Amino acid sequence: MATPLTRTLARAVPVPTGRLAAVAALLAPLLAISPAPVVPTVLGANAALLALALLDAALAPAPSALTLTRDTPEALTLGREATVTWHVTNPGRRVVSLRLADELPPSLGADDRRADVRVPPGGRARASTTIRPTRRGRYRPSWVTMRVKGPLGLLARQDVAEVPGELRVYPAFRSREEAELRVARAQMLQAGQRLARGQGGGEFDRLREYGLDDEFRHMDWRATARTGKAIVRTYRAERNQTVLLLVDSGRTMAGQVAVGDGRNRAGLADVPWTVPRLDHAMDAAMMLTVVATGLGDSAGMVAFADRVRAVVPPRGRADQLRRVTEALYPLHPVLTESDYREAFAQTLARFRRRALLVVLTELSPEPMAETLLPALPLVARDHLVVVAGIRDPEVDRWAHAVPTESSTAYRKAAAVQALADRRHAVGQLRGLGATVVDEVPARLPGALADVYLDVKSTGKL
């Protein structure tokens, strides 16, 4: 996306260059050995050098006379790299030596925010840098400092120009391939490769002769008696069901959790080693969106903290993933307690149809007991509720490690206690009728997809 130069902040100011300092340093020893009187000679030399530098600055083109644009991609996925290109147009009749410095945020991971450009008369030149974002979100770089050297390179004219731009960095969809594989496999099952599981699950499809892999409880005894052959009923999974993803973005979702499995950091150089729990929740939400819409169901999303922050109505369209991603990428955890009661109330008010509600949150016992547990009965009566927690793989590793010194022994004891508290919290949620999935980030999206596929095939909705 190209963004034109719109205005400069102020009149260009002269800036000394390294060449001016080098010339002054070269003159110093020559003046020291000169037989002429020292003071008049030094003053005269300095005056001459200053006049020459001011003349050089006067002959330098004004930065405002140049046209500067910045090309950036409109959107980029976290962990991928892209190129930012600056284009400079010189309408004048002399060659312009320009040094520019862009205010690209550090989290964009630019190789270099500065560039030297030599622009021919009446021509155009460009420079570029590679960016590797380390944080998702919306970036709006605006100001570019331009420094134009004079013909002798002694002084430069510097100005700051406004070059507005926007770059969206989306969360990393690490489970994309797994989501596509699960959709393809489920579509094969729907096509008749396997019977839908569960008693009376799904919509009746047809009758056919009994096979070795068929379940005995699917026998149709009337058809069997009529034909004299063993006949079973087959079912196809119901379509047009609704999956609502409730993504918690409160303070407990700000905790940093490893991207990998807690053991091997290899192969993760293109993304941050740890990211907030919210980012892992986004990955799982995107996977469920792909799987649900790929199987003919509708997926929607509600992001909340102390208030509802984003809503995507349920749709079964192919572009629903884009809508969910657009709503999620600018969200960051807020350091407040999450208001589950408000989130559930607004969800029930907006979407009255029975749905599979997937709450992506953190299963911390203390805040959960005060917020989630009292609010859960609001939705458990009319909807099928799945609560998904993001477990820290490092804590699992500490709990199973063999301590070699006192510090690791204390750490192991703390990890074991934390996991025990977590299991107790999971038991409380299940006691209220919720299905609970508590997994490390690498396994969470797949586990949630399995729960959804099981619900779909057994007709629990």
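Me: I have this model open and would like to start with one pair: what do the side chains of Asp319 and Arg323 form?

Reply: The side chains of Asp319 and Arg323 meet in a salt bridge, 3.4 Å from N to O. Keep in mind that this is a predicted model.

Me: Are those two partners buried or partly exposed?

Reply: A residue is called buried when its relative accessible area is under 20% and exposed when that is over 50%. Asp319 has 27% relative accessibility, so it counts as partly exposed. Arg323, at 31%, is partly exposed as well.

Me: How many salt bridges does a search of the whole structure find?

Reply: The search finds 20 salt bridges. A good one to look at next joins Asp102 to Arg70, with the closest N and O atoms 2.8 Å apart. Asp102 lies in strand 7 (residues 96-102) and Arg70 in strand 4 (residues 67-71), so this pair ties together parts that are 32 residues apart in sequence.

Me: And where do these two stand, buried or exposed?

Reply: Asp102 is buried, with a relative accessible area of 1%, and Arg70 is buried too, also at 1%.

Me: Which residue does Glu362 meet in a salt bridge?

Reply: Its partner is Arg277, at 3.0 Å from N to O. Glu362 sits in the loop between strand 21 (356-361) and helix 8 (365-370), while Arg277 belongs to helix 5 (residues 277-294), so the bridge ties together parts that are 85 residues apart in sequence. Glu362 counts as buried at 8% relative accessibility, and Arg277 counts as buried at 11%.

Me: Which residues are linked with this pair in a network of salt bridges?

Reply: Arg422 and Asp438 are linked with Arg277 and Glu362 in that network.

Me: You mentioned helix 5. How should I read its packing with helix 13?

Reply: Two packed helices are described by the angle between their axes and the distance between the axes. Here, the axes of helix 5 and helix 13 (residues 444-458) come within 9 Å and cross at roughly 35 degrees. The crossing is right-handed.

Me: Which residues of helix 5 and helix 13 meet?

Reply: From helix 5 come Asp283, Ala284, Met287, Leu288, Val291 and Ala292. From helix 13 come Leu444, Pro445, Gly446, Leu448, Ala449, Tyr452 and Leu453.

Me: How many nonpolar, polar and charged residues does that contact have?

Reply: The contact of helix 5 with helix 13 has eleven nonpolar residues, one polar and one charged. Try selecting both sets in your viewer and colouring them by class.

Terms used
Residues numbered from 1 in each chain as written. Predicted model: local features only at pLDDT ≥ 70, side-chain atom pairs only at ≥ 80, totals over all residues. Heavy atoms only, no water. Salt bridge = Lys/Arg side-chain N within 4 Å of Asp/Glu carboxyl O. Helix = DSSP H or I, 4+ residues; strand = E, 2+ residues; numbered from the N terminus. Buried < 20%, exposed > 50% of the residue type's maximum accessible area, 1.4 Å probe, protein only. Axes fitted to C-alpha atoms, helices over the stretch in contact; angles between N-to-C directions. Left-handed = near helix turned anticlockwise from the far one by under 90°. Contact = heavy atoms within 4.5 Å. Nonpolar A, V, L, I, M, F, W, Y, C, P; charged D, E, K, R; others polar.
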